[in-house]
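Q: I have a model open beside its sequence and would like to learn how to read it. Where should I begin?

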Amino acid sequence: MTVFFKDKPEPEVTCSTCQACCCRLEVMIITDTGVPERHIAYDEWGGETMRRLEDGWCSALDRQTFMCTIYENRPWICREFEMGSYECLVERKELDENLQTPE
(Lines give C-alpha, C1' and ligand atoms only; values in the text may rest on other atoms or scores of the structure.)
Protein backbone atom coordinates (compact mmCIF):
# COMPACT_ATOMS: atom_id res chain seq x y z
CA MET A 1 0.00 0.00 0.00
CA THR A 2 1.33 3.43 -0.93
CA VAL A 3 0.42 6.52 1.03
CA PHE A 4 0.91 9.88 -0.62
CA PHE A 5 1.40 13.00 1.44
CA LYS A 6 0.54 16.37 0.12
CA ASP A 7 2.73 19.18 1.37
CA LYS A 8 0.67 21.54 3.45
CA PRO A 9 1.49 25.07 2.30
CA GLU A 10 2.62 27.58 4.88
CA PRO A 11 -0.02 30.23 5.50
CA GLU A 12 0.81 33.49 3.79
CA VAL A 13 2.21 36.10 6.13
CA THR A 14 0.68 39.54 5.64
CA CYS A 15 0.38 42.66 7.78
CA SER A 16 -2.99 41.37 9.01
CA THR A 17 -1.66 37.89 9.91
CA CYS A 18 1.76 38.86 11.24
CA GLN A 19 2.32 37.71 14.81
CA ALA A 20 5.31 40.02 15.33
CA CYS A 21 7.47 37.01 16.27
CA CYS A 22 10.57 38.95 15.32
CA CYS A 23 9.74 41.42 18.09
CA ARG A 24 10.77 38.79 20.63
CA LEU A 25 14.30 38.48 19.21
CA GLU A 26 17.31 40.33 20.57
CA VAL A 27 17.98 43.26 18.26
CA MET A 28 21.37 44.93 18.33
CA ILE A 29 21.46 48.57 17.33
CA ILE A 30 24.45 48.86 15.01
CA THR A 31 23.57 52.01 13.06
CA ASP A 32 21.97 55.29 14.02
CA THR A 33 18.38 55.26 12.79
CA GLY A 34 17.00 57.49 15.50
CA VAL A 35 15.70 54.88 17.94
CA PRO A 36 14.33 56.84 20.93
CA GLU A 37 16.47 56.47 24.06
CA ARG A 38 13.55 54.96 26.06
CA HIS A 39 13.68 51.90 23.77
CA ILE A 40 17.43 51.28 24.12
CA ALA A 41 19.03 48.89 26.59
CA TYR A 42 22.79 48.79 27.23
CA ASP A 43 24.77 45.64 27.94
CA GLU A 44 27.73 45.45 30.29
CA TRP A 45 30.12 46.44 27.47
CA GLY A 46 28.07 49.44 26.37
CA GLY A 47 26.49 47.71 23.40
CA GLU A 48 23.02 48.88 22.46
CA THR A 49 20.02 46.61 21.97
CA MET A 50 16.32 47.21 21.70
CA ARG A 51 14.84 47.15 25.20
CA ARG A 52 12.47 44.29 25.91
CA LEU A 53 9.86 44.42 28.61
CA GLU A 54 9.10 41.76 31.22
CA ASP A 55 6.80 39.97 28.76
CA GLY A 56 9.76 39.40 26.42
CA TRP A 57 8.45 41.63 23.64
CA CYS A 58 10.22 44.70 22.26
CA SER A 59 9.34 47.87 24.14
CA ALA A 60 8.48 49.61 20.84
CA LEU A 61 5.77 47.07 19.99
CA ASP A 62 2.19 48.23 20.47
CA ARG A 63 0.63 45.32 22.36
CA GLN A 64 -2.86 46.03 20.99
CA THR A 65 -2.06 46.25 17.27
CA PHE A 66 1.24 44.32 17.20
CA MET A 67 2.67 47.13 15.10
CA CYS A 68 5.94 48.99 15.65
CA THR A 69 5.48 52.37 17.29
CA ILE A 70 8.83 53.62 15.94
CA TYR A 71 8.59 52.12 12.45
CA GLU A 72 10.30 55.07 10.71
CA ASN A 73 13.14 54.94 13.26
CA ARG A 74 13.42 51.15 13.70
CA PRO A 75 16.89 49.58 13.82
CA TRP A 76 18.65 48.39 10.67
CA ILE A 77 18.19 44.73 11.66
CA CYS A 78 14.42 45.23 11.86
CA ARG A 79 14.49 46.81 8.41
CA GLU A 80 16.35 43.79 7.01
CA PHE A 81 14.15 41.12 8.65
CA GLU A 82 11.68 40.40 5.87
CA MET A 83 8.09 39.45 6.62
CA GLY A 84 7.39 35.98 5.24
CA SER A 85 11.09 35.18 4.72
CA TYR A 86 12.59 31.86 5.76
CA GLU A 87 13.80 33.39 9.05
CA CYS A 88 10.35 34.82 9.72
CA LEU A 89 8.66 31.46 9.16
CA VAL A 90 11.17 29.71 11.44
CA GLU A 91 10.49 32.20 14.25
CA ARG A 92 6.70 31.88 13.79
CA LYS A 93 6.94 28.09 13.97
CA GLU A 94 9.13 28.23 17.08
CA LEU A 95 6.77 30.65 18.82
CA ASP A 96 3.76 28.46 17.94
CA GLU A 97 5.54 25.37 19.32
CA ASN A 98 6.48 27.21 22.54
CA LEU A 99 2.90 28.38 23.02
CA GLN A 100 1.59 24.83 22.59
CA THR A 101 4.12 23.23 24.95
CA PRO A 102 3.18 23.50 28.64
CA GLU A 103 6.03 24.52 30.91
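The turns below go from the overall fold to single residues.

A: Begin with the kind of model: this one is predicted. Then take the secondary structure.

Q: How many helices and strands does the protein have, and what pattern do they follow along the sequence?

A: The protein has two helices and two strands. Along the sequence the pattern reads β-β-α-α.

Q: What share of the residues is buried?

A: A residue counts as buried when its relative accessible area is under 20%. In this protein, buried residues account for 24% of the 103 residues.

Q: How do I read contacts with respect to the sequence?

A: Look at how far apart the partners are along the chain. Here, of the contacts between residues at least 6 apart in sequence, 51% join residues at least 24 apart.

Q: Which residues of the largest nonpolar core touch the most other members?

A: In soluble globular proteins, nonpolar side chains tend to be buried together. The largest nonpolar core here has 14 residues, and Cys23, Val35, Met50 and Trp57 touch the most other members. Leaving out residues up to four places away in sequence, Met50 has contacts with Val27, Ile29, Val35, His39, Ala41, Cys58, Ala60, Ile70 and Pro75.

Q: His39 is among those neighbours of Met50. Is His39 buried or exposed?

A: Histidine 39 counts as buried because its relative accessibility is 6%, under the 20% cut-off. His39 sits in the segment before S1. For a buried polar group, ask what its side chain meets. The His39 side chain makes a polar contact of 2.7 Å with the side chain of Ser59. Beyond four places in sequence, His39 also touches Thr49, Met50, Arg51, Ala60, Thr69 and Ile70.

Q: What does the side chain of threonine 33 reach?

A: A side chain can also pair with a backbone atom. The side chain of Thr33 reaches the backbone oxygen of Asn73 at 3.0 Å. Thr33 lies in the segment before strand S1 (40-42). Its relative accessible area is 19%, so Thr33 is classed as buried. Outside the four-place window in sequence, the residues touched by Thr33 are Asn73, Arg74, Pro75, Trp76 and Arg79.

Q: Where does arginine 92 lie, and which residues does it touch?

A: Arg92 lies in helix H2. With a relative accessible area of 12%, Arg92 is buried. Its contacts, again without residues up to four places away in sequence, are Val13, Thr17, Cys18, Gln19 and Cys21. Sequence separation and distance in space should be read side by side: Arg92 and Ala20 are 72 residues apart in sequence, with 8.4 Å between their C-alpha atoms.

Q: Which residues lie nearest the centre of the largest pocket?

A: For a pocket, read the volume, then the lining. The largest pocket has a volume of about 760 Å³. Its lining has 30 residues, with Cys18, Cys22, Cys23, Cys68 and Tyr71 nearest the centre. By class, the lining holds 22 nonpolar, three polar and five charged residues. Helices H1 (76-80) and H2 (86-100) each supply at least two lining residues, and H1 gives the most, with three.

Q: What is the phi of phenylalanine 66?

A: Check backbone angles as well as side chains. Phi of Phe66 is near 60°, a positive value in a residue other than glycine. Phe66 lies in the loop between strand S2 (48-50) and H1, and is partly exposed, with a relative accessible area of 37%.

Conventions:
Residues are numbered from 1 along each chain as its sequence is written. This is a predicted model: local features need pLDDT of at least 70, side-chain atom pairs count only at pLDDT 80 or more; totals for chains, interfaces and linings use all residues. Side-chain values use heavy atoms; hydrogens and water are left out. On a 1 Å grid over the protein atoms alone, a cavity is a set of points where a 1.4 Å probe fits but cannot get out, and a pocket is an open set with protein on both sides within 12 Å along at least five of seven lines; lining residues have an atom within 4 Å of a point. Grid points are joined across faces, edges and corners, and a volume is the space filled by probe spheres set on the points. Helices (H or I, at least four residues) and strands (E, at least two) are DSSP runs, numbered from the N terminus. Ala, Val, Leu, Ile, Met, Phe, Trp, Tyr, Cys and Pro count as nonpolar, Asp, Glu, Lys and Arg as charged, and the others, Gly among them, as polar. A nonpolar core is a set of buried Ala, Val, Leu, Ile, Met, Phe, Trp, Tyr and Cys residues joined through side-chain atoms within 4.5 Å. Buried means under 20% relative accessible area, exposed over 50%, partly exposed in between (1.4 Å probe, protein chains only). Contact means heavy atoms within 4.5 Å. A polar contact is a pair of N or O atoms within 3.5 Å; within protein, one must be able to donate a hydrogen and the other to accept it, and residues adjacent in sequence count only if both atoms are side-chain atoms.
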